[in-house]
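Please load the model in your viewer and keep the selection panel at hand. We will go from stop to stop, with a note on what to select each time.

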Amino acid sequence: MLDKDIKFLEESFKKYYFDHFDLIHTHTNPERREFGYQKFNFGMNRHIPIKSDKELHLLLMTNIPSDVYCSNASYLFPNLPMAEKDWQGADLIFDVDAKDLNLPCRINHVCKKCTTCGNVFLQQNECPDCKSTKYETSSALCQNCIAGAKNEIRKLISILTGDLGIKKENIRVYFSGNEGFHVYVSESNYEKLDSRERAELVDYILFKGALPETFGAKKSDFSKSVFSDIDEKGWLGRTSKQVFGSKSNKPKLSKQLISEGYFSFKKKLEDLQKIIGAQIDPNVTIDVHRIFRLAGTINSKSGLSKILCNDLEKFNPGNDACFIDDDKVTILANCPVEFKLKNKKFGPYKKEQVTVPKYAAVYMICKGYATLA
Amino acid sequence: MSNQIITSVLKLGTEEIAKYPFLTEAGNYLKEKGFTLEQFGNDEDLRPIIEIAFQRIETAANGKIFNSDFNVKNLDVEVFSFLVAVILLKQSAMNTLIKRFSLAEARRAEKFLEKDLSDINNKAKEELAIKIIKDLFSMDIHKSDDYFVIPVVDYLKHATHFYEQEWKLVNRLVDNGNVFLTSHETVRLIRKELDNFISSKIHSANIPSIPESFKKSVEALVSLAKKFSVQTVETGESPPCIKHALDVLSKGENLPHSGRFMLATYLLNKGQTIEEIAPLFKNAPDYNEKITLYQLKHLSGVFGSGTKYACPSCDKLKSENLCFAIPECANIINPLQFGRKKIPNA
Ligand code: SF4
Ligand SMILES: [Zn+2]
Ligand SMILES: [Zn+2]
């Protein structure tokens with residue numbers, strides 16, 4: 001990223017931080033958490049102790065980070081090296097990223113930025129300008145992808161509350177600041193689980209590793225199989241509901257399943273993973289030493305903020321997570337897609353000089369679709 | 001919780017002690033009952049107990065379970081033979097026998113626990129079994145209809161030790177933070193811990209000095225142990241999956257994360273140190289010393305929860321296309337077992 005762009009983003013981020021201290025708080029028990037941050041074009045600073053909102057705000061003002069993180073784990077000595085921190089437990093966290101859903105719309109809004117000449121293009125496999133095949137991708141905000149991610153969050157929450165017995169009030173959902181959502185479970189007895197145990201929870205949530213026998217299949221004599229009922233609890237009921245639709249369909253469809261055989265049923269269960277399993281990123285949940293983006297801070301991949309979603313259904317990231325002001329800024333934009341922020345449409349721009357509100361300028365520069373003019 | 005507390009809290013009757021003799025403290029129990037070890041050598045009625053204790057160990061060593069149906073037998077003999085067996089084993093210090101004995105006794109207790117848990121005619125038995133599981137294995141368990149209900153968190157703590165897929169949480173009935181198990185599954189879940197509990201009981205048994213009359217049996221145990229001690233010899237060959245991974249790395253090609261995970265956990269479990277392993281990854285296209293060390297430390301359990309990661313099973317590696325099985329791979333379920341030959345000691 002160019003120095004002038006970095007300077008511009010830092011100024012914009014600093015103003016946001018200064019104006020929105022009310023949105024930016026330390027995690028609960030800050031003295032037990034590890035904080036970290038990045039600056040533009042620099043690596044990660046980790047193992048930082050922060051004891052209060054005041055200290056946090058001071059760090060934001062003095063360092064103007066591009067991204068700020070806080071551990072979901074709590075430690076006795078959070079500022080010491082990893083091996084000496086003395087792990088006490090960690091909130092259960094989940095990450096749903098639209099990227100992982102691979103929806104068909106992505107081909108229309110995942111832009112490719114040529115690493116050789118900096119050109120931005122869509123769909124083609126090589127840069128139309130210099131023919132290079134090396135590029136980085138970045139996705140523009142897409143309503144359909146956000147809707148898809150919300151749907152995964154709904155599935156996740158229903159598993160967390162129904163199956164895992166987690167109280168609704170202990171679950172918080174945040175917009176990640178880019179293309180997905182982060183979920184925190186606090187004050188639950190799951191805090192003490194280690195990585196291996198969390199991996200089992202992850203497989204549960206993904207509906208991964210389910211055996212046909214669990215749902216009533218008899219391998220030795222498949223025709224004797226009695227499949228679980230749709231009103232049963234947990235995956236038994238959820239699976240049957242998906243397979244049979246309704247109670248009255250069950251006898252007929254059971255016969256059909258049986259005629260198709262054990263392995264076809266097994267395959268069916270595997271295919272159901274994508275449909276009834278909640279598509280979470282396993283690594284995030286399994287890692288008990290992760291530092292995770294701090295709520296209220298800006299995601300430098302987009303210039304949008306990681307923000308609490310009080311009403312997930314109504315949440316609209318372009319409106320509700322966009323906090324940069326609307327001073328006019330002139331940029332050189334090369335943005336092959338249209339996107340919407342604060343209810344205003346922008347783009348596409350074909351290597352043209354345009355004057356746009358600062359929030360749109362920040363968004364495009366963060367995405368790599370523009371530089372200051 | 002000390003065992004005396006357990007016995008007094010549980011108010012065990014002789015029948016219960018006969019089923020779960022490991023709940024007592026060998027030395028104290030005998031003292032309380034007014035017996036000395038000497039009496040086992042001198043007293044006509046007690047002398048056979050040493051012999052029975054020996055048989056109990058021998059049965060276990062042969063992989064069988066001693067008298068798990070004692071309805072008609074003398075309960076005191078059941079208890080005493082266990083206690084004397086503990087004394088003999090401790091005195092012999094033969095680890096192979098202690099291991100076999102505790103596993104067999106664990107399975108014996110498992111049978112009783114399972115039976116007691118599902119004894120609908122005797123609430124007290126069921127409560128006792130539940131209490132044993134609760135107190136000994138800090139598992140919060142209660143009964144609901146025909147199910148035994150335990151919190152998901154407690155389930156995971158025990159079940160992650162199992163390889164079999166049926167123990168995966170996704171293959172369990174889970175609702176409102178609880179897992180629903182049958183009595184058989186409940187008891188199976190704690191077998192390993194029960195086994196550990198009994199063997200630690202033997203290792204920590206406090207036995208002052210044993211009378212002459214025990215010495216012959218102890219010696220007999222030492223020679224019995226020889227028959228069962230199995231020497232494992234490492235052939236030193238690495239399994240093909242590991243060779244392949246090393247090969248890829250040495251060529252500077254990219255090994256997927258799952259392959260690195262396999263290699264690192266394999267070598268860590270073979271006793272190599274982090275410092276020995278880290279350089280292997282130096283050739284990888286995306287090598288970063290700091291990150292590699294961090295990940296290795298994580299795998300070796302230096303951090304946090306301190307669990308050392310197990311090497312993935314052959315099944316898992318097959319599914320990840322990391323397996324390159326050869327005939328020597330037959331009958332193993334984990335690469336760590338490769339090349340381990342069992343040579344029984346004559
Ligand atoms: S069978 Fe196991 S040991 Fe043999 S190559 Fe496959 S994974 Fe490795
Ligand atoms: Zn180019
Ligand atoms: Zn989309």
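The tour begins with the whole chain and then moves to individual elements.

**Before you start.** This is a predicted model, in which local features need pLDDT of at least 70 and side-chain atom pairs count only at pLDDT 80 or more, while totals for chains, interfaces and linings use all residues. Residues are numbered from 1 along each chain as its sequence is written, chains are lettered from A and ligands numbered from 1 in the order in which they are written, and side-chain values use heavy atoms, leaving out hydrogens and water.

**Stop 1: the whole of chain A.** Show the cartoon: chain A has 11 helices and 20 strands (DSSP runs numbered from the N terminus, H or I of at least four residues for helices, E of at least two for strands). The C-alpha trace spans about 70 × 55 × 35 Å along its principal axes. Switch on the surface, and the accessible area of chain A is about 16700 Å², with 50% of it belonging to carbon and sulfur atoms (Shrake-Rupley method, 1.4 Å probe; for residues, only the protein chains shown count as cover). Of the 373 residues, 55% are buried (buried is under 20% relative accessible area, exposed over 50%, partly exposed in between, with a 1.4 Å probe and protein chains only).

**Stop 2: a sheet of 3 strands.** Select strands 16, 19 and 20 of chain A, which form an open antiparallel sheet in the order 19-16-20. Strand 19 (349-357) and strand 20 (370-372) are at the edges with a single partner strand each, so one side of each has no neighbour in the sheet. On average, neighbouring strands here are turned by 30 degrees against each other, direction ignored. Zoom in on strand 16 (residues 328-335), joined to strand 19 by 7 bridges (strands pair if DSSP finds at least two bridges between them). C335(A) makes a handy landmark, standing opposite Y349(A) in strand 19.

**Stop 3: helices on this sheet.** Add helix 11 (residues 358-367) of chain A, which packs on the sheet and touches strands 16, 19 and 20 (contact is heavy atoms within 4.5 Å). The direction of helix 11 makes about 140 degrees with that of strand 19 (axes are lines fitted to C-alpha atoms, for helices over the stretch in contact, and angles run from 0 to 180 degrees between N-to-C directions). Is helix 11 enclosed or open? 10 of its 10 residues are buried, so helix 11 is largely enclosed by the rest of the structure. Just after helix 11, G368(A) takes a positive phi of about 85 degrees. Now add helix 1 (residues 3-19), which lies across strands 16 and 20 and runs at about 85 degrees to strand 20.

**Stop 4: a hairpin.** Select strand 1 (residues 35-38) and strand 2 (residues 44-48) of chain A, an antiparallel pair joined by 3 bridges. Y37(A) stands opposite N45(A) in strand 2. The hairpin has 5 residues between its strands, and N41(A) takes a positive phi near 65 degrees.

**Stop 5: two loops.** Go to the loop between strand 4 (73-75) and strand 5 (87-90) of chain A, where L80(A) lies. L80(A) counts as partly exposed because its relative accessibility is 31%. Finish with Q124(A), in the loop between strand 8 (120-122) and strand 9 (135-139) of chain A. Q124(A) is partly exposed too, at 39% relative accessibility. Select K112(A) as well: the C-alpha atoms of Q124(A) and K112(A) are separated by 8.5 Å, with the two residues 12 apart along the chain.
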